[in-house]
Amino acid sequence: MFQSFFPKPKLFFLSFALWALVCVLGWYLAAQDLGNMLSLGSLFGVNFPETLAEGADAAAQAAFQSAQETALTVWLYQYMAACYGIFIGIWMIYGGQKWGRWSVLGSGIIIFTTWFSVQLSVMINDWYGSFYNLIQKALSAPNSITIGEYFSQLYTFSSIAAISITVAVLKNFFVSHYVFRWRTSMTEYYSSKWQQVRHIEGASQRIQEDTMRFASIMEGLGVRLISSVMTLLAFLPVLWGLSSYVKELPFIGEVPQALVFTALFWSIIGTTLLAVAGIKLPGLEFKNQRVEAAYRKELVYGEDNENRAEPPTLNELFNHVRKNYFTLYFNYLYFNVVRYGYLQAGVLVPLIALGPSIVAGVITFGLFQQINNAFNQVENSFQYLVNSWTTIVELLSIYKRLKAFEAAIDDQPLPTEDQNFMET
């Protein structure tokens with residue numbers, strides 16, 4: 001499943017995780033302070049500003065901070081490009097694998113565009129603060145802002161949104177090709193071993209359909225996982241900073257970094273609840289694919305042999321299908337009660353946490369919007385397993401089926417489920 005597409009999969013993914021950790025720590029511990037010496041921003045007219053003069057007015061302070069943030073952003077993009085370039089360059093040379101351009105370079109492109117999309121989300125979150133503060137100012141003091149200031153804010157949002165939409169569309173187009181190449185690599189690999197796997201139940205379906213579904217689901221989950229991690233890295237510092245405005249929580253009192261604590265605590269509760277409620281689903285999904293394959297296989301035999309696919313046999317096989325589906329429906333019933341109940345309750349969590357601060361009037365409307373959006377971003381990142389659980393269940397069932405192929409190719413015993421099916 002992986003070795004047909006990625007060069008040395010275990011080493012590749014392990015090295016990526018370690019390199020990503022080194023790059024993130026390197027940025028926060030040292031690299032971000034080296035921009036004034038190493039950044040190429042001067043080539044584009046972007047430089048780190050000189051020290052702010054003592055006693056500067058508010059306008060000068062705002063201009064200084066804006067110039068500093070712009071220069072730091074330009075340096076961040078250079079740093080990220082260097083990190084990606086080093087990792088991809090080494091693996092393109094060292095990997096030496098047929099699909100290396102797609103698996104290595106393609107993965108790098110997907111990860112970079114995902115990170116860039118998260119940066120755009122951070123920009124929109126910053127926009128929330130300035131825009132809704134402007135709205136609050138206008139509503140509290142009529143004619144205190146101009147129509148030009150109002151439409152300038154809308155233009156800023158439209159510019160960021162246009163870039164975000166363009167990146168999302170192009171990324172989805174590229175990911176579609178990426179997934180098909182991954183499917184092609186698996187199809188070629190399993191087809192070359194056909195004589196070793198042809199006796200496995202539903203072998204043709206596993207090569208034709210399961211490889212497609214595995215690549216598609218795996219890529220979707222992978223992109224969402226990377227997006228969740230990068231969103232967490234981008235918004236956790238934002239939420240950490242915004243927590244300074246929220247000193248206490250209802251029913252608890254003062255809590256350091258209250259918003260971060262609340263998001264983490266609520267996400268742990270949700271992940272635990274969903275894991276317990278859905279523990280039986282992967283096995284049921286796998287069994288469902290198995291009984292469907294048996295029913296379909298008998299129908300296929302009946303196309304060429306008049307003695308096959310007799311009504312009594314089909315009725316018996318379909319009864320297995322019906323029984324498994326009804327069991328699956330029942331398990332999803334209580335799973336969905338827990339899942340949707342938790343997600344709906346989560347809408348109230350940040351509002352409850354902000355209750356004392358809102359009543360005390362210590363935050364503005366713009367800050368409220370920033371905090372609410374940042375909290376939701378961090379919470380959704382922590383809730384990756386909650387939001388992806390049903391997809392993970394489907395992936396696990398497909399993984400079990402393809403694992404039987406690899407067991408046959410490597411002359412290993414078949415998984416227990418396939419052994420039982422072969423016996424029956």
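## Two cysteines without a bond

Cysteine 83 counts as buried, with a relative accessibility of 9%, and in this predicted model cysteine 23 likewise counts as buried, at 9% relative accessibility. The closest cysteine sulfur to that of cysteine 83 belongs to cysteine 23 and lies 3.2 Å away, which is too far for a bond. A disulfide would need the two sulfur atoms to be within 2.5 Å, and the structure as a whole holds zero disulfides. Cysteine 23 is accordingly in no disulfide, and the nearest cysteine sulfur to its own is that of cysteine 83.

## Aromatic pairs

The structure holds 30 aromatic pairs. One of them joins phenylalanine 131 and tyrosine 132, whose rings meet edge-to-face, with 5.2 Å from centre to centre and 75° between the planes. Within this pair, phenylalanine 131 is buried, having a relative accessible area of 8%, while tyrosine 132 is partly exposed, with a relative accessible area of 21%.

Tyrosine 332 and phenylalanine 335 form an aromatic pair that is also edge-to-face, with 6.0 Å between the ring centres and 85° between the planes. These two residues are separated by about one helical turn, because they stand three residues apart in helix 10, which covers residues 311–353. Both tyrosine 332 and phenylalanine 335 are buried.

## A cluster of rings

Phenylalanine 131 and tyrosine 132 also belong to a cluster that is linked by ring pairs. Its other members are Trp127, Tyr128, Tyr150, Phe151, Phe157, Phe365 and Phe368.

Conventions: Residues are numbered from 1 along each chain as its sequence is written. This is a predicted model: local features need pLDDT of at least 70, side-chain atom pairs count only at pLDDT 80 or more; totals for chains, interfaces and linings use all residues. Side-chain values use heavy atoms; hydrogens and water are left out. Rings of Phe, Tyr and Trp (its six-membered ring) pair if their centres lie within 6.5 Å; planes under 30 degrees apart count as stacked, over 60 as edge-to-face and the rest as tilted. Buried means under 20% relative accessible area, exposed over 50%, partly exposed in between (1.4 Å probe, protein chains only). Helices (H or I, at least four residues) and strands (E, at least two) are DSSP runs, numbered from the N terminus.
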